[in-house]
Amino acid sequence: HTALLRFLQEQPPSNGSAFNEAQQEQLRQQSLSDPRKRALGRLLQDTLQDFRIARILINDVAGNTLADSDFDRDTSAIGLNYRSRRYHHQAMDHPSGKAQQFAVSRTRRTPAFYFSSRVGAIDDALGVIVVMQEAEAFTGLLDDPERRVFVTDEQGVILMSNRKGDLLRRNPLSGRGRGDREDEIRLYQRVPELLPWTLEATRVDGQPVQVVSIDGSRHLALA
């Protein structure tokens, strides 16, 4: 959209650093008081309605959020830095300029999928546009009244499930142990607990399979 491109083109060059608290507060106030920045925020909110998505953010090249469709809410991320998020640095560095990642929103505290796109060439980037869709929007895909269905990330943490109690807990079927505590807190806003499931190995028609016991019931684990 030309308005988003113009907004990024008009920003002062980034020094590569995260904003301090005073700069963050100044940006948040400007997003509410500056007519052009407020109009941009309204444009982002209108876009959410058009495409049925949860949130749009615009980051500078250093990962500082300059605009947010939540600009007029307590959950505004304006001024916060997301340089460590894969959806930002991969979009900046990868030739495709695209990235995606699951994370728990630092301000909304909800699990979500992030899809990002670099604005500009890899050697002359202006920033990154990020689209957020909350994980709950996809749960209808897992609707099954009889079976337990879930999706995990590469760490074995459950991102979507037709059992709410499983969300953001670690699935023992993955065989993955705990990761770095600080990294997990940044990504999930918590340290995921291990689900209290027990595993055993058996054979079916001569083939090795895993059986998992959940709440006293045994299930064949298919991955």
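# Helix α1, cores and voids

Student: Which residues of helix α1 (residues 2–9) are buried?
Tutor: This is a predicted model: local features need pLDDT of at least 70, side-chain atom pairs count only at pLDDT 80 or more, and totals for chains, interfaces and linings use all residues. Numbering runs from 1 along each chain as its sequence is written, and side-chain values use heavy atoms, without hydrogens and water. Buried means under 20% relative accessible area, exposed over 50% (1.4 Å probe, protein chains only); helices (H or I, at least four residues) and strands (E, at least two) are DSSP runs. The buried residues of α1 are L4, F7 and L8.

Student: Seen down the axis of α1, within what arc do its buried residues fall?
Tutor: The buried set is L4, F7 and L8. These residues line one face of the helix, because they fall within an arc of 95 degrees.

Student: Which exposed residues sit on the face of α1 turned away from its buried side?
Tutor: L4, F7 and L8 are the buried residues of this helix. The face turned away from them carries the exposed residues T2 and Q9.

Student: What covers the buried residues of α1?
Tutor: Take the helix first: the cover includes α3 (35–51). Strands also contribute, among them β1 (55–59), β2 (65–68), β4 (111–119) and β5 (127–134).

Student: Is D144 buried or exposed?
Tutor: D144 lies in the loop between β5 and β6 (150–152). Leaving aside neighbours within four places in sequence, D144 is in contact (heavy atoms within 4.5 Å) with V149, N162 and R163. Its relative accessibility is 13%, so D144 counts as buried.

Student: Which element gives the largest share of the largest nonpolar core?
Tutor: A nonpolar core joins buried Ala, Val, Leu, Ile, Met, Phe, Trp, Tyr and Cys through side-chain atoms within 4.5 Å. Of the 26 residues in the largest one, F102, F113, Y114, V130, L168 and Y188 touch the most other members. The elements giving two or more residues to this core are α4 (86–93), β3 (98–104), β4, β5, β7 (158–161) and α5 (181–188). The largest share, four residues, comes from β3.

Student: How many residues does the other core hold, the one with L4, F7, L48 and I56 among its members?
Tutor: This core lies apart from the largest one. Two of the named members, L4 and F7, are buried residues of α1. The core holds 14 residues.

Student: Which element gives the most to the lining of the largest pocket?
Tutor: On a 1 Å grid over the protein atoms alone, a cavity is where a 1.4 Å probe fits but cannot get out, a pocket is an open set with protein on both sides within 12 Å along at least five of seven lines, and lining residues have an atom within 4 Å of a point. This pocket holds about 680 Å³ of space. Its lining has 29 residues, with F7, E10, Q11, P12 and L66 nearest its centre. Whereas α1, α2 (21–33) and α3 each supply at least two residues, the most, five residues, come from α3.

Student: What is the volume of the largest cavity?
Tutor: The structure holds two cavities of 30 Å³ or more. F7, L27, S31, K37, L40, G41, L66, A67, D68, F71 and I78 line the largest. Its volume is about 80 Å³.

Student: And what is the volume of the second largest cavity?
Tutor: R55, L57, A77, Y82, Y87, S105, R106, T107, Y114 and M132 line this cavity. Y114 is also in contact with other lining residues, including Y87, S105 and M132. The volume is about 40 Å³.

Note on methods
The arc is that of the directions from the helix axis to the C-beta atoms. Grid points are joined across faces, edges and corners, and a volume is the space filled by probe spheres set on the points.
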